[in-house]
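Let's go through this one by asking what each label rests on. Have a look at the model, and then we'll take the questions in turn.

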Amino acid sequence: MLCAMKLYNYFRSSASFRVRIALELKGLTYDYVPVHLVKGEHKQDQYAAKSASQLVPALELDDGQLLSQSMAIVEYLDETHPNPPLLPPDALGRARVRALAQLVACEIHPLNNLRVLKYLVRELKVEEEAKNAWYRHWVRSGLEMFEKELLQLPAGRYCYGDTPTLADCCLVPQVFNGQRFNVDFGGLTRTMAAFEACMQHPAFQKAQPSACPDNEA
Ligand SMILES: N[C@@H](CCC(=O)N[C@@H](CS)C(=O)NCC(=O)O)C(=O)O
């Protein structure tokens with residue numbers, strides 16, 4: 001008998017949030033399996049059996065196959081459940097959307113991940129306020145790049161066009177994360193307009209941290 005897909009994730013994890021948005025946009029049901037990062041549950045043997053890299057998210061398919069890396073998971077969901085599409089139909093459009101998504105996933109997010117921030121504090125003995133300055137610097141400067149990229153593209157409701165794409169799946173969690181660290185979003189007009197548009201969409205609302213079963217806010 002086939003079981004529902006299981007998403008191993010944490011309510012505050014932005015990589016997990018990307019996948020939750022994609023699942024909601026596609027109207028897919030899944031079992032929510034919380035992995036508490038702050039308590040270190042991802043480092044325990046039980047989770048190592050699900051994720052070799054011991055990062056969230058991991059998606060367990062209904063036949064037991066396990067997928068890692070949020071971008072790969074979202075693209076897998078898009079290929080296996082093509083409607084609504086999260087990438088444009090043309091190669092140029094797909095390159096544009098992937099470039100925006102990777103700007104968040106490859107340029108911004110790796111610098112403000114939990115293990116990076118912990119390393120700054122525990123190994124390099126960086127003060128809490130300096131750690132927060134690091135975080136704000138890299139998120140703000142990354143989003144400034146994102147804004148400049150958006151300004152090169154035709155205006156639309158979302159990051160690219162009038163329907164949500166992979167770029168929106170990446171942008172929204174990054175903004176949520178930035179809000180927790182009081183990042184200044186001033187002047188990021190197109191970026192924040194796309195964020196606001198997303199947050200009026202039911203799929204983004206259902207996927208947000210405050211709607212998660214393990215939410216502690
Ligand atoms: N590039 C990976 C990033 C995965 C990742 O780093 N996830 C974070 C949460 S957003 C995590 O598990 N952090 C645990 C840690 O840093 O120890 C993806 O997109 O899935």
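Q: Where is Pro57 placed?
A: Keep in mind that this is a predicted model. Pro57 sits in the loop that runs between helix 2 (45-48) and strand 3 (58-60).

Q: What makes the peptide bond between Val56 and Pro57 stand out?
A: That bond is cis, with omega at about 5°. There's another cis bond from Asn83 to Pro84, where omega is near -10°. Pro84 lies in the loop between helix 3 and helix 4 (91-108).

Q: What is notable about the phi of Gln54?
A: Gln54 isn't a glycine, yet its phi is positive, at about 55°. Gln54 belongs to the loop between helix 2 and strand 3.

Q: How do you know that Val56 makes a polar contact with the ligand?
A: A polar backbone atom of Val56 is 2.7 Å from a nitrogen atom of the ligand. The cut-off is 3.5 Å for a pair of N or O atoms, so this pair counts.

Q: Which side chains have a polar atom by an oxygen atom of the ligand?
A: His42 has one at 2.9 Å from a ligand oxygen, and Ser70 has one at 2.6 Å from a ligand oxygen. As for cover, the ligand taken alone exposes 510 Å², and the protein buries 91% of that.

Q: What makes up the shell around the ligand?
A: The shell divides into 6 nonpolar, 7 polar and 2 charged residues. Helix 1 gives the most, with 3 residues, while helix 1 (14-25) and helix 5 (114-122) each supply at least two. The space that the ligand takes is the largest pocket.

Q: Why is Asp78 called buried?
A: The relative accessibility of Asp78 is 12%, and buried means under 20%, so the label fits. Asp78 is part of helix 3 (residues 70-80). A polar atom of the Asp78 side chain lies 2.9 Å from the backbone nitrogen of Leu86.

Q: Is Cys212 buried or exposed, and why?
A: Buried: Cys212 has 7% relative accessibility, and the limit is under 20%, so Cys212 qualifies. You'll find Cys212 in the segment after helix 9 (202-207).

Q: Why is Asn182 called exposed?
A: Exposed means over 50% relative accessible area, and Asn182 has 60%, so the label holds. Asn182 lies in the loop between helix 7 (166-180) and helix 8 (189-199). Its phi is near 55°, a positive value in a residue other than glycine.

Note on methods
Residues are numbered from 1 along each chain as its sequence is written. This is a predicted model: local features need pLDDT of at least 70, side-chain atom pairs count only at pLDDT 80 or more; totals for chains, interfaces and linings use all residues. Side-chain values use heavy atoms; hydrogens and water are left out. A polar contact is a pair of N or O atoms within 3.5 Å; within protein, one must be able to donate a hydrogen and the other to accept it, and residues adjacent in sequence count only if both atoms are side-chain atoms. Accessible areas come from the Shrake-Rupley method with a 1.4 Å probe; for residues, only the protein chains shown count as cover. On a 1 Å grid over the protein atoms alone, a cavity is a set of points where a 1.4 Å probe fits but cannot get out, and a pocket is an open set with protein on both sides within 12 Å along at least five of seven lines; lining residues have an atom within 4 Å of a point. A molecule sits in a cavity or pocket if more than half of its atoms lie within 2 Å of its grid points. Helices (H or I, at least four residues) and strands (E, at least two) are DSSP runs, numbered from the N terminus. Ala, Val, Leu, Ile, Met, Phe, Trp, Tyr, Cys and Pro count as nonpolar, Asp, Glu, Lys and Arg as charged, and the others, Gly among them, as polar. Buried means under 20% relative accessible area, exposed over 50%, partly exposed in between (1.4 Å probe, protein chains only).
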